[in-house]
Amino acid sequence: MDNLNFIKLKQMALKAAERIGKPSFYNDYKSEVKISSELLKTNIHLKKCRSYLDESLMGVGHGLAHSEAVAVDTGAVIQAESRLYDLNNKLVEELIIYAQIAGLLHDIRRKEKDHTIRGSNEAKKILEGFHIGSHYKGYIATAIRNHEAFKEVPESENKIAKLISGALYDADKFRWGPDNFTTTVWLILDHGDIPIDMVCNNFTENIKYIEKIKETFRTETGKKYGPEFIDIGVMIGNVIYEEMTGILKNKDEKLKS
């Protein structure tokens, strides 16, 4: 895609996102997101996890910024779900950290085949040096293994394992919404230098694929708020698609004249 069209389309996507507004999850759980964000900056385990992240192994659009966004939202989902699970405050704070570890490490082997399995195995190695319970290390590794969409998920060991796994999955799939169309797609296009006609030809099928994720959210919080993330992303995507078709139409008319 030529640079001028790339810049134009990206700016349109950002303006559309600003016009539509953020998903309501961020208003309804503003304080939970803030708590999660602060822990991500200050907790010693999370700082240590970040040091293991190598963007060259994580894939375009799935690097540190993506992992941190997933970690923050995973922690917020944990807090939202904890009310349903009736968990005490001390345990909730611990679970936020463990879920954020899963969020930071979930795409650590994103570029490799079977990245969830390889990422889970890598997380197990990394967590050997962490002073946390062995059962929690297992929950984190399992959550990473089970975060891929449209895959059969084995029954969780217990409700805490299920909570961590579900929170990671849902926070990761929140990224299929606005983030996908304001950030990820542009990183991929910039990296791959893909022609605009190829992007346009595949766009509607990709949108349909993304919409299917609405039925897969796992936690009660994800089921309530996740579809809105996807709907907002699709709205932004439709703005991009309409503009791309206009660009291609003008291009064809110029060639014919």
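I132 touches H45, Y98, I101, L127, K137 and I140, once its neighbours within four places in sequence are set aside. You'll find I132 in the loop between α7 and α8 (134–145), and it is buried, with a relative accessible area of 11%. Keep in mind that this is a predicted model. Below is a quick tour of loop residues, aromatic rings and one helix pair.

**Loop residues that are buried**

- Back to I132 for a moment: its C-alpha atom is separated from that of G61 by 30 Å, with the two positions 71 residues apart along the chain.
- I213 is another loop residue, this time between α11 and α12.
- How buried is I213? Its relative accessibility is 0%, and the cut-off for buried is under 20%, so I213 counts as buried.
- Neighbours within four places in sequence aside, I213 is in contact with A149, F150, Y169, K173, W176 and I230.
- One of those contacts, W176, is 37 residues from I213 along the chain, and their C-alpha atoms are separated by 8.2 Å.

**Loop residues with a positive phi**

- As background, most residues other than glycine have a negative phi.
- D86 goes the other way: it is not a glycine, yet it has a positive phi of about 55°.
- D86 sits in the loop between α5 (64–85) and α6 (89–105), and at 69% relative accessibility it counts as exposed.
- D114 also has a positive phi of about 55° without being a glycine.
- Look for D114 in the loop between α6 and α7 (115–127); at 47% relative accessibility, D114 counts as partly exposed.

**Aromatic pairs and a cluster**

- Searching the whole structure turns up 17 aromatic pairs.
- Take F6 and W186: their ring centres are 5.6 Å apart and their planes stand at 90°, so this pair is edge-to-face.
- That pair links distant parts of the chain, as F6 is in helix α1 (residues 3–20) and W186 is in helix α10 (residues 178–192), 180 residues apart.
- Both partners are on the buried side of the cut-off: F6 counts as buried at 12% relative accessibility, and W186 counts as buried at 3%.
- Now for F203 and Y241: their ring centres are 5.9 Å apart with the planes at 15°, so this pair is stacked.
- F203 lies in helix α11 (residues 196–211) and Y241 in helix α12 (residues 220–256), so the pair ties together parts that are 38 residues apart in sequence.
- Are the F203 and Y241 rings buried or exposed? F203 counts as buried at 7% relative accessibility, while Y241 is partly exposed, with a relative accessible area of 28%.
- Beyond its neighbours within four places in sequence, F203 is in contact with F181, G237, I240, Y241 and M244.
- From F203 to M244 the C-alpha distance is 9.8 Å, and the two are 41 residues apart in sequence.
- One aromatic cluster is made up of F25, Y26, Y29, F174, F217, Y225 and F229.

**Charges over rings**

- Which residue lies over the face of F130? That's K48, at 4.5 Å from the ring centre.
- R218 lies over the face of Y169, at 3.7 Å from the ring centre.
- Y169 has already come up, as it is among the contacts of I213.

**How α10 and α12 pack**

- A pair of packed helices is described by the angle between their axes and the distance between the axes.
- For α10 and α12, the angle is about 50° and the axes are 6 Å apart.
- That angle makes α10 oblique to α12.
- On the α10 side of the contact are P178, F181, T182 and W186.
- Facing them in α12 are F229, I232, G233, V234, I236, G237 and I240.
- What kinds of residues make up this contact? They divide into 8 nonpolar, 3 polar and no charged.
- Some names here are familiar: W186 also pairs with F6, F229 belongs to the aromatic cluster, and F181, G237 and I240 are among the contacts of F203.

How values were computed: Residues are numbered from 1 along each chain as its sequence is written. This is a predicted model: local features need pLDDT of at least 70, side-chain atom pairs count only at pLDDT 80 or more; totals for chains, interfaces and linings use all residues. Side-chain values use heavy atoms; hydrogens and water are left out. Rings of Phe, Tyr and Trp (its six-membered ring) pair if their centres lie within 6.5 Å; planes under 30 degrees apart count as stacked, over 60 as edge-to-face and the rest as tilted. Helices (H or I, at least four residues) and strands (E, at least two) are DSSP runs, numbered from the N terminus. Buried means under 20% relative accessible area, exposed over 50%, partly exposed in between (1.4 Å probe, protein chains only). A charge sits over a ring if NZ of Lys or CZ of Arg is within 6 Å of the ring centre and within 35 degrees of the ring normal. Axes are lines fitted to C-alpha atoms, for helices over the stretch in contact, and angles run from 0 to 180 degrees between N-to-C directions. Angles under 35 degrees count as roughly parallel, over 145 as roughly antiparallel, 65 to 115 as roughly perpendicular and the rest as oblique. Contact means heavy atoms within 4.5 Å. Ala, Val, Leu, Ile, Met, Phe, Trp, Tyr, Cys and Pro count as nonpolar, Asp, Glu, Lys and Arg as charged, and the others, Gly among them, as polar.
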